[in-house]
Amino acid sequence: MMNSFKLVQHNVKSASFIENNEKEKKKDIEVAVEGGVLIPKDLRKTKYLIVRLKLNLGKADERLYLTLETISRFEVEKDSDEVSEEEVRLKCFPVALSELRKTVKKVTEAYGIPVVDLPPFEEET
């Protein structure tokens, strides 16, 4: 049986941005995203699980350095008592990443930096 998941909330947990104009502009900005899944032990008590993503854009010693941590909360509409991490990675990660992508766009616009187009993530394809 496959469970279905519905995104109910996506927030920025933390963000930091440094632009050092004395540094040279780079053509290629390094992008790193790491993620984790929090699945509650007892899914009968709570029907929510969380995907945390952390994005690093550039490096601390470069001209542009942006970090963004987001939390996406999913409601589990489950057919079984179990939810595997694999299933969550398969179904929730692409949604969380797509939300992260939109968030990065808004944040970079707000900071007045050229829009950064994130490369497609493996999980999205």
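Two strands count as paired if DSSP finds at least two bridges between them. Keep that in mind for the exercises below, which work through a predicted model.

**Exercise 1. Work out the strand order of the sheet, and find which strands lie at its edges.**

*Solution.* Start with S1 (residues 4-19) and strand S4 (residues 64-77). The two are joined by 14 bridges and run antiparallel, so they satisfy the cut-off of at least two bridges. For one of these pairings, look at His-10, whose bridge partner in S4 is Ser-72.

Next, extend the view to the whole sheet. Four strands make up an open sheet with antiparallel pairing, in the order S1-S4-S3-S2. S1 and strand S2 (31-38) each pair on one side only, which makes them the edge strands. On average, neighbouring strands here are turned by 15° against each other, direction ignored.

Finally, add the helix. H2 (residues 93-111) lies across S1, S2, strand S3 (48-58) and S4, and runs at about 140° to S4.

**Exercise 2. Find the residues that Lys-13 contacts beyond its neighbours within four places in sequence.**

*Solution.* First place the residue: Lys-13 sits in strand S1. With those sequence neighbours left aside, Lys-13 touches Arg-52, Glu-69, Thr-70 and Ile-71. Now pick out Arg-52 from that group: it is 39 residues away from Lys-13 along the chain, and the C-alpha atoms of the two are separated by 9.1 Å.

**Exercise 3. Decide what the side chain of Glu-87 reaches, and how far away the nearest side chain of opposite charge is.**

*Solution.* Glu-87 belongs to helix H1 (residues 85-91). Glu-87 is buried yet has no salt bridge. The nearest oppositely charged side chain is that of Lys-91, 4.3 Å away, and a salt bridge calls for a distance within 4 Å. Turn then to the backbone: the Glu-87 side chain reaches the nitrogen of Asn-3 at 3.0 Å. Asn-3 also appears among the contacts of Glu-87, alongside Met-2, Phe-5, Glu-82 and Cys-92, once neighbours within four places are set aside.

**Exercise 4. Classify Cys-92 as buried or exposed, then list its contacts.**

*Solution.* Cys-92 is in the loop between H1 and H2. Its relative accessible area is 0%, so Cys-92 is buried. Leaving out neighbours within four places in sequence, Cys-92 is in contact with Phe-5, Leu-49, Val-51, Phe-74 and Glu-87. Of these, Val-51 is 41 residues from Cys-92 in sequence, with 7.4 Å between their C-alpha atoms.

Note on methods. Residues are numbered from 1 along each chain as its sequence is written. This is a predicted model: local features need pLDDT of at least 70, side-chain atom pairs count only at pLDDT 80 or more; totals for chains, interfaces and linings use all residues. Side-chain values use heavy atoms; hydrogens and water are left out. Contact means heavy atoms within 4.5 Å. Axes are lines fitted to C-alpha atoms, for helices over the stretch in contact, and angles run from 0 to 180 degrees between N-to-C directions. Buried means under 20% relative accessible area, exposed over 50%, partly exposed in between (1.4 Å probe, protein chains only). Lys and Arg count as positive and Asp and Glu as negative; His and the chain ends are not counted. A polar contact is a pair of N or O atoms within 3.5 Å; within protein, one must be able to donate a hydrogen and the other to accept it, and residues adjacent in sequence count only if both atoms are side-chain atoms.
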